[in-house]
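Student: I would like to learn how to read a model like this one feature by feature. Can we start with the ligand and work outwards?

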Amino acid sequence: MMDVKTIKKEQSKTGTKVRITGAEAVIHCLLAEGVDTIYGYPGGAIMPVYDELYKFQDKLHHVLTRHEQGATHAAQGYARVSGRVGVAIATSGPGATNLVTGIADAQIDSTPLVCITGQVARHLLGSDAFQETDIIGISTPVTKWNYQITKASEIPEIMAKAFYIARSGRPGPVLVDITKNAQFEEFDFEYSKCTAVRSYNPVPKIDTEKLQQAADLINSAKKPFIIWGQGIILGKAEEELKAFVEKTGIPAAWTILGASALSSSHPLNVGMVGMHGNYGPNLLTNECDLLIALGMRFDDRVTGDLSTYARQAKVIHFEIDPAEINKNVHADVPVLGNVKDALEQILPLLKENKHESWHEVFKAKYAIEFDQVIKNDLYPEKEGLTMGEVIESINEASKHEAVIVSDVGQHQMIACRYAKFNTSKSNITSGGLGTMGFALPASIGAKMGAPEREVVAIIGDGGYQMTIQELGTIFQTKVPVKIVVLNNEFLGMVRQWQQLFFDKRYASTEMTNPDFVTIAKGYHIPAVRVTKREDLKGAVEEMIASEGPYFLEVMVEKEDNVFPMVPTGASVSDVRLS
Amino acid sequence: MEERKTFTISIYSENSVGLLNRISGIFLKRHINIESLNVSGSEIEDVMRFIIVVNTTETWVRNIVGQINKQVDVINTYYHDDEQTIFLETALFKIASHLLFDERQIQNIIKESHSDIVTVARDFFVISKSGRRDEIEELYSKLRPYGIMQFVRSGRVSVSKSEMHISAMLRAFQNETV
Ligand SMILES: Cc1ncc(C[n+]2csc(CCOP(=O)(O)OP(=O)(O)O)c2C)c(N)n1
Ligand SMILES: [Mg+2]
């Protein structure tokens with residue numbers, strides 16, 4: 001068997017290239033990019049590549065998911081915990097279209113993915129051949145870049161470009177579609193990594209004048225406020241963020257995807273912004289005199305009504321993607337470039353500060369939120385179990401060290417609000433697309449991308465059933481993920497909106513669910529159901545202590561709501577506590 | 001409400017197959033109608049130039065240009081208003097030949113409009129007119145009463161008054177990578 005290292009050796013010895021098939025070349029490209037795990041599903045148009053995967057199984061771990069959507073989400077989970085490029089592979093036609101949801105999710109959440117699809121042979125393109133679909137056309141709006149390879153000789157250059165584009169600058173998904181003839185053809189293989197593309201400027205240069213202007217604003221602000229986003233994690237700027245907030249003493253809040261970049265217990269970490277974010281950070285966005293946005297994009301779920309968002313404040317926007325500047329919120333001082341470098345360079349220009357009285361305002365708001373919301377979520381006195389107390393037990397049992405992978409709905413908001421993190425890259429969730437069904441497959445990828453870490457998936461009874469077949473992947477690979485289903489027998493988040501905004505008309509949100517414990521046991525996964533408070537702590541501890549995969553279902557109060565809440569289109573000032 | 005204006009968007013790009021699709025999707029998503037589109041070579045070998053005309057607000061055009069620029073295969077994108085560019089469109093009119101002799105006035109119209117006769121066949125002749133949209137429309141309205149067999153107008157082509165520095169950008173890239 002020939003791996004890429006032996007190939008390179010031969011090249012340097014003889015100066016000749018190696019003659020291999022396109023399919024084998026795909027594997028060598030993946031190995032040369034340092035890929036160790038890929039997620040996928042075979043089929044006619046990708047069979048030559050699968051045949052090579054069979055030969056290379058000692059070098060490249062292929063995980064057979066139970067649906068191609070699961071492959072993309074698993075690749076996303078892998079990418080998000082590891083900071084590396086996730087890889088998914090599928091056949092043409094339905095295999096390719098099944099990838100689309102995950103690709104769209106990766107696009108909006110800036111997750112680096114390379115998706116490889118098989119395609120009918122070149123001579124059949126455009127003939128409506130069996131399982132031909134225009135996946136390039138379909139995926140164009142949801143990829144950072146895509147390309148159809150029709151000859152084997154294009155493979156090395158395009159694969160190298162795909163990985164470079166996926167991970168550089170603002171990361172994103174790339175799709176490479178490879179016709180079957182290109183997989184069969186032989187050609188002279190030679191690989192070199194891509195380091196630049198002339199039409200593409202992934203990291204704008206930092207303008208030092210802007211840094212000085214930003215520093216002046218920060219140094220003179222009386223009530224400055226930081227909101228950081230996933231840019232901090234993608235830019236590996238966690239240390240710089242910490243140094244920045246500690247020197248300036250500025251209260252700092254996070255968007256959902258920014259969670260975990262700064263430890264939850266850090267005294268300057270004031271919580272989450274957005275629709276179900278914390279009371280103080282939302283309210284005080286409209287009281288600060290300077291808003292410092294670090295690697296975040298002012299999503300509408302963060303800002304609410306733009307015409308009443310932070311109008312009183314000057315805005316500094318640190319951002320890698322020029323298209324985000326002034327897109328939603330006007331930036332008085334835009335600082336384009338890599339946020340890690342920008343924060344490092346601005347630090348010496350900043351004055352030390354404490355902003356003590358301003359922090360008191362945050363603390364007072366927190367006290368109100370604690371009294372009216374948090375206390376009842378985490379330490380309920382009523383009989384029914386709350387989602388919040390489940391998260392709190394997981395916090396305790398995992399000592400704030402778990403990677404929390406959440407699905408979409410009420411349980412997601414509760415998980416993001418209450419999960420405690422000591423370590424970055426620990427909150428994996430579908431933020432921008434809000435894809436139900438994300439968490440179960442993403443947790444598989446997360447555990448494989450960070451095997452040393454505890455991975456706990458928090459899923460609603462609705463979303464669980466969107467990708468429940470991935471229990472098969474967990475059973476087959478024995479990947480030790482801990483699955484927690486918070487069962488309220490409702491599509492809870494939609495039901496909450498129906499209650500609040502549609503006079504309690506619960507149209508198609510109540511669910512008659514199967515016996516989830518029996519289903520998990522059918523996959524030979526140990527499974528427990530908790531219905532009473534006194535069993536919760538013990539069950540969670542047992543789950544965390546277990547070696548292999550584990551399923552825990554918690555029956556929670558059916559009609560609880562998530563608060564605080566900024567209703568769609570409302571101002572962040574109108575955040576509701578009930 | 002911000003004022004709507006005509007903007008000319010100039011895109012310099014690699015010659016890549018799917019790029020037109022990517023770019024048109026950016027307009028589609030925002031329900032912004034493309035008034036005209038022209039794709040051609042540019043002053044630089046292997047570099048394509050798109051000229052897209054839209055009628056919208058400056059906020060939107062800035063936003064769109066940001067999204068276009070972000071596409072990997074786009075080298076750079078600019079937008080200008082009509083004062084900042086030299087531009088024209090070209091129209092072809094196919095007209096029945098007998099009208100030239102039956103309707104003496106037509107010869108005057110053609111002469112006054114500074115259009116060119118491209119070809120004359122036994123049954124028809126073709127005139128071309130290059131200029132601004134209103135000049136073409138004026139000629140159209142004058143010829144229309146006599147009967148036009150076919151009419152077609154091209155997308156806008158334009159060059160900017162200020163420099164766009166694409167060659168310098170590409171040179172800088174080469175210097176950085178070698
Ligand atoms: C694929 C998909 N379809 C529909 C929705 C709309 N939606 C958002 S939350 C939600 C309810 C989720 O219910 P469940 O998984 O039980 O979680 P809960 O809110 O009850 O915690 C729905 C239907 C979505 N986000 N994703
Ligand atoms: Mg539910």
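Tutor: Begin with one atom pair: a backbone N or O atom of Phe490(A) lies 2.9 Å from an oxygen atom of ligand 1. Keep in mind that this is a predicted model.

Student: Which backbone atoms lie 2.8 Å from a nitrogen atom of ligand 1, and what is 2.7 Å from an oxygen atom of ligand 1?

Tutor: The cut-off for a polar contact is a pair of N or O atoms within 3.5 Å. In this model, a backbone N or O atom of Gly434(A) is 2.8 Å from a nitrogen atom of the ligand. A polar backbone atom of Gly463(A) is 2.7 Å from an oxygen atom of ligand 1.

Student: How much of ligand 1 does the protein bury?

Tutor: Compare the ligand taken alone with the ligand in place. Alone, ligand 1 exposes 590 Å², and the protein buries 76% of that area.

Student: Which elements give two or more residues to the shell around ligand 1?

Tutor: They are three helices of chain A: H18 (410-418), H20 (461-464) and H22 (492-501).

Student: How many residues surround ligand 1, and which are the closest?

Tutor: The shell holds 18 residues, and the closest are Gln410(A), His411(A), Gly434(A), Gly463(A) and Gly492(A). By class, the shell has eight nonpolar residues, nine polar ones and one charged one. Glycine is counted as polar in that tally.

Student: Now the whole chain. Why does the radius of gyration of chain A agree with a compact globule?

Tutor: The check sets the value against a rule based on chain length. For 578 residues the rule gives a radius of gyration near 25 Å, and chain A has 24 Å, so the two agree. The C-alpha trace of chain A spans about 70 × 60 × 40 Å along its principal axes. As for secondary structure, chain A has 24 helices and 20 strands.

Student: What do burial and contact totals add for chain A?

Tutor: A residue counts as buried under 20% relative accessible area. That applies to 61% of the 578 residues of chain A. Among the contacts in chain A with a separation of 6 or more, 77% link residues 24 or more positions apart. The chain exposes about 21,900 Å², with carbon and sulfur atoms supplying 51% of that area.

Student: How many residues of helix H2 of chain A are buried?

Tutor: For a helix, count its buried residues one by one. In H2, residues 22-32 of chain A, the count is eleven of eleven, so the helix is largely enclosed by the rest of the structure. The buried residues include Glu24(A) and His28(A), along with Val26(A), Ile27(A) and Leu30(A). After H2(A) comes Gly34(A), which has a positive phi near 80 degrees.

Student: Take a single residue in a helix. Is Val373(A) buried or exposed?

Tutor: Val373(A) is in helix H16, residues 356-378 of chain A. Its relative accessibility is 5%, so Val373(A) counts as buried. Setting aside neighbours within four places in sequence, Val373(A) contacts Arg417(A), Tyr418(A), Phe563(A), Pro564(A) and Leu577(A). Sequence separation and distance in space are separate readings: Val373(A) and Tyr50(A) are 323 residues apart in sequence, with 52 Å between their C-alpha atoms.

Student: Where is Pro380(A) placed?

Tutor: Pro380(A) sits in the loop between H16 and helix H17 (387-398) of chain A. Pro380(A) counts as buried because its relative accessibility is 12%. Arg533(A) is 153 residues away in sequence, and the C-alpha separation is 10.0 Å. Arg533(A) is also in contact with Pro380(A), as are Lys375(A), Thr386(A) and Glu389(A).

Student: In chain B, is Asp82(B) buried or partly exposed?

Tutor: The intermediate class runs from 20% to 50%. Asp82(B) has 24% relative accessibility and therefore counts as partly exposed. Asp82(B) lies in the loop between strands S4 (74-81) and S5 (85-96) of chain B. Beyond four places in sequence, Asp82(B) touches Thr6(B), Thr8(B), Phe87(B) and Arg156(B). With Arg156(B) there is a side-chain polar contact of 3.0 Å.

Student: Which residues does Thr57(B) touch?

Tutor: Thr57(B) belongs to strand S3, residues 47-57 of chain B. Thr57(B) is buried, with a relative accessible area of 10%. Apart from residues up to four places away, Thr57(B) touches Glu2(B), Glu3(B), Arg4(B) and Phe7(B).

Technical notes:
Residues numbered from 1 in each chain as written. Chains lettered and ligands numbered in written order. Heavy atoms only, no water. Near = heavy atom within 4 Å. Polar contact = N/O pair within 3.5 Å; in protein donor to acceptor, adjacent residues only side chain to side chain. Areas by Shrake-Rupley, 256 points an atom, 1.4 Å probe, with all protein chains shown as cover. Helix = DSSP H or I, 4+ residues; strand = E, 2+ residues; numbered from the N terminus. Rg over C-alpha atoms; globule rule 2.2 N^0.38 Å. Buried < 20%, exposed > 50% of the residue type's maximum accessible area, 1.4 Å probe, protein only. Contact = heavy atoms within 4.5 Å.
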